[in-house]
Amino acid sequence: MSAVTRDRDRALGDILRGMGRVMVAFSGGVDSTFVLKRAQQELGDQVLAVTAASETFPSREFDAAVALAEEMGVELLKTEVKELDNASFVANNPDRCYHCKTGLYSHLKTLAAQQGYPYILDGSNVDDLGDYRPGLQAKNEQGVRSTLQEAGLTKEEIRQLSRELGLATWNKPSFACLSSRIPYGTQIEKWKIDQLDEGEYFLSKLGLYQVRVRHHEKLARIEVMPEEIAKVVEHRDAIYAKFQQLGFTYVTLDLQGYRTGSMNEVLSDETKRKVIESST
């Protein structure tokens with residue numbers, strides 16, 4: 001591991017100790033698990049993990065996060081958010097993530113005040129700054145701290161450090177809200193979320209590591225890592241049968257492969273700029 005990574009990890013420790021008492025927005029993913037573990041190391045029992053059940057995240061992800069926090073011996077608060085009650089979120093315009101994160105972070109802010117925690121931490125890392133993420137503005141507005149960004153840590157460094165700490169999440173695939181699979185301007189509905197959830201779970205059970213199913217009404221567009229495209233083709237009959245059962249008429253394989261934020265590729269730089277400015 002490089003000296004730079006070591007220095008950044010030490011900087012993270014300094015930041016956490018300076019806070020004294022923190023609440024961690026904990027999803028059970030690579031980043032939030034690392035934040036939680038390092039906070040536990042630096043602050044002991046002055047750490048509270050909060051895990052939110054959500055209509056746009058699989059229940060198995062919630063259950064896994066709860067089990068992981070309990071295994072780590074961190075105090076855990078379970079809560080719930082209802083994104084589908086928010087008309088601005090359901091409309092699924094390019095500022096969707098801003099409305100989702102505003103609802104989540106304002107809820108956590110209330111919980112933190114009730115529980116006596118002066119800081120709320122999320123798991124955003126330096127790599128997240130390179131993509132179109134209007135939710136970052138909501139984070140800033142609600143005063144949520146991204147200590148991984150503050151310490152300069154990248155995703156790859158977080159995986160390396162997580163492995164060294166013995167965290168089982170070190171090589172966990174990246175995951176995002178299932179609504180991010182639905183094209184902007186297309187209303188988010190629970191039945192679509194359920195289709196995506198079941199479709200991605202089926203693909204993962206075939207042994208595919210990183211999977212996204214993009215929802216284009218009757219068409220499902222599958223993204224996997226380029227080196228796993230052949231595996232999808234190998235199982236194409238079973239995949240088509242399953243996705244037809246889920247309600248899709250057409251099933252396609254994206255030859256470009258998995259990439260973060262592929263639904264943002266239709267947005268112009270001008271649209272992105274206007275969304276960000278309208279949120280400030």
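## Charged pairs, rings and a buried Asp

The side chains of Glu 223 and Arg 259 meet in a salt bridge, 3.8 Å from N to O. (A salt bridge here is a side-chain nitrogen of Lys or Arg within 4 Å of a carboxyl oxygen of Asp or Glu.) This pair ties together distant parts of the chain: Glu 223 belongs to strand 6 (residues 219-224), while Arg 259, 36 residues apart from it, is in the loop between strand 7 (250-253) and helix 12 (269-278). Helices (H or I, at least four residues) and strands (E, at least two) are DSSP runs, numbered from the N terminus.

Before going on: this is a predicted model, where local features need pLDDT of at least 70 and side-chain atom pairs count only at pLDDT 80 or more, though totals for chains, interfaces and linings use all residues. Residues are numbered from 1 along each chain as its sequence is written, and side-chain values use heavy atoms, with hydrogens and water left out.

Back to the charges. Glu 223 and Arg 259 are both buried, meaning under 20% relative accessible area (exposed is over 50%, partly exposed in between; 1.4 Å probe, protein chains only). Glu 223 also forms a salt bridge with Arg 221, and Arg 221 is buried too. Now look at helix 1 (residues 3-19): Arg 17 and Asp 14 sit three residues apart there, so about one helical turn separates them. They form a salt bridge as well, but Arg 17 is partly exposed at 44%, and Asp 14 is partly exposed at 45%. The whole count comes to 22 salt bridges.

| Salt bridge | Closest N to O |
|---|---|
| Arg 17 and Asp 14 | 2.3 Å |
| Arg 221 and Glu 223 | 2.8 Å |
| Glu 223 and Arg 259 | 3.8 Å |

What about a buried charge without such a bridge? Asp 122 is one: the nearest side chain of opposite charge, Lys 139, is 5.0 Å away. (Lys and Arg count as positive, Asp and Glu as negative; His and the chain ends are not counted.) You'll find Asp 122 in the loop between strand 4 (119-121) and helix 6 (135-141). Its side chain sits 2.7 Å from that of Ser 124 in a polar contact, and another of 2.7 Å reaches the side chain of Ser 146. A polar contact is a pair of N or O atoms within 3.5 Å; within protein, one must be able to donate a hydrogen and the other to accept it, and residues adjacent in sequence count only if both atoms are side-chain atoms.
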